[in-house]
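Colleague: Thanks for sitting down with me over this model. Could you walk me through the reasoning behind the labels you put on it?

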Amino acid sequence: MSDLPPCRSCGGEDLRAFLSLGTTPLADALLTPARLASLDTDPEPTFPLDVAFCPQCSLVQITEEVPPQQLFVDNYLYFSSFSPMLLAHSKAHVDGLVASRGLGPDHLAVELASNDGYLLKHFLPHGVRVLGVDPAPDQAAAAREVGVPTVEEFFGVDVARRLRAEHGAADVIIANNVMAHVPQLNDFVGGIAELLADDGLATVENPWVSDLIEHGEFDTVYHEHYYYYSCTAVDALVRRHGMYLNDVEYFPELHGGTLRWHIGKVEAVTDRARRMLADEHARGVDSYPYYADFAERVEQTRSELLELLRGLKAEGASIAAYGAAAKGSTMVNYVGLGTDVLDFVVDRNTHKQGTFMPGVHLPVRGVEALLETQPDYCLILAWNFTDEIVEQQAEYTARGGRFIRPVPRPVVLA
Ligand code: DWN
Ligand code: ZN
């Protein structure tokens, strides 16, 4: 039995830690100027950021629990609608569901962590009834603005029961990048089972732990992400609640590699799902040795990136960064990239401009600052959008600016 907490999925008591990123601030807790000025008397909260593997059910998870209210409600600035690629991905998903399941006015689609209505709004032209569930008030207000009714709740069994009583069973439940964010995982999945119609479909999207481990994507670890999923772990999790992992889709370009799991109350496991489960077993995703050398590889990336950036600075180069992303916060805090190395960070999300990155307090500016100051290099913290960003900033590179991508290994892009 380890001295770590029990597994949040199966309750197993022999979690095995394999990565420690130190004690870090909350990745999404960007600081306003007023908050920055208050740090002497009210320092930023920091928490241990350690990752462990459960040998019982294969779930990879962090070992610290930060109160969700502190993570997702107080000044949560993530708005989904700042990424064209993500928006296109979401619309394609809705169109696919409407077509494949013949959704219309008699059907109810629910999204958990519906943010600003970026996805559910695409059901509206088809007459499908929609309901968003998201605790963040600003995002919920933005959703209502586009015609998506939204309840400001943290989802679980009790909320599911109330929603089913008020709206009926859900024909479709969509949960994109939220099942990694819930401390009471069994209550969350139990809520899906409670709300989902007997012939309904729940689709859950999250980054794939194999891409994290095999592509060195350590910066996708932050307190907002309690879990890092494999098909193996999801299969065990949903079966515990009388549901089945029936199908799996893979999107290698999304968030560094994302899986979409198709979950239902009727067992109908596709060959594709069986192949994914077999592939994970062949990789060793369901055993500790697969994770054992990850920390060493992360440390190597850290030292290579520091050496690269410090070398450029020593040559008199100026360096900025792109993307005040949560992963960016883990990157700059774990590697130690403060204003001695990076001049500022740019971001298209207007809610983030004028704030400061957690921990290192890098100023966040509008994207136009890249051309205004033309730094010699720009470190892409939101590397999951590298192609989109490089294409968007063609003028910056045409003027001689060069992008640096930090993972899987630090590289100066041509
Ligand atoms: O689970 C989550 C992952 C999947 O997405 C959420 N917890 C939050 C989010 O994580 P993140 O903050 O690392 O997200 P992004 O979406 O990778 O962050 C991208 C950042 O870059 C955003 O702040 C928006 C910005 N951006 C930009 O400035 N210009 C994004 C694009 C595409 C751009 O062109
Ligand atoms: Zn477990």
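Colleague: What makes the pair formed by a polar side-chain atom of Q392 and an oxygen atom of ligand 1 a polar contact?

Modeller: Happy to explain, and bear in mind that this is a predicted model. The two atoms lie 2.7 Å apart, and a pair of N or O atoms within 3.5 Å counts as a polar contact, so the Q392 pair qualifies. The protein covers 97% of the 700 Å² of accessible area that ligand 1 has on its own.

Colleague: Which elements give two or more residues to the shell around ligand 1?

Modeller: Those are α11 (326-335) and α13 (386-392). The shell has 22 residues, and E224, K327, D347, R348 and Q392 come nearest to the ligand.

Colleague: What makes the contacts of Y322 and K352 with ligand 1 polar ones?

Modeller: The same cut-off of 3.5 Å applies. A polar side-chain atom of Y322 is 2.8 Å from a nitrogen atom of ligand 1, and one of K352 is 2.8 Å from an oxygen atom of ligand 1. Both therefore pass.

Colleague: How do you know that two domains contribute to that shell?

Modeller: At least three of its residues come from each of domain 1 (80-206 + 225-265) and domain 2 (315-412). By class, the shell holds eight nonpolar, eight polar and six charged residues.

Colleague: On to the metal. Why is the arrangement around the zinc ion (ligand 2) called tetrahedral?

Modeller: Four donors count as tetrahedral if all angles lie between 85 and 135 degrees. Here the four donor atoms subtend angles of 102 to 115°, so the label fits.

Colleague: Which atoms are the protein donors of the zinc ion (ligand 2)?

Modeller: They are the SG atoms of C7, C10, C54 and C57, at 2.2 to 2.3 Å from the ion. Along the chain, their spacing reads C-x2-C-x43-C-x2-C.

Colleague: And what is the omega of the cis peptide bond between V407 and P408?

Modeller: Omega is about 5° there. P408 sits in the loop between β16 (402-405) and β17 (411-412).

Conventions:
Residues numbered from 1 in each chain as written. Chains lettered and ligands numbered in written order. Predicted model: local features only at pLDDT ≥ 70, side-chain atom pairs only at ≥ 80, totals over all residues. Heavy atoms only, no water. Near = heavy atom within 4 Å. Polar contact = N/O pair within 3.5 Å; in protein donor to acceptor, adjacent residues only side chain to side chain. Areas by Shrake-Rupley, 256 points an atom, 1.4 Å probe, with all protein chains shown as cover. Helix = DSSP H or I, 4+ residues; strand = E, 2+ residues; numbered from the N terminus. Nonpolar A, V, L, I, M, F, W, Y, C, P; charged D, E, K, R; others polar. Domains from an automatic or database assignment. Donors = N, O, S within 2.8 Å, 3.2 Å for Na, K, Ca; no water. Tetrahedral: all angles 85-135°; square planar, octahedral: opposite > 155°, others 65-115°.
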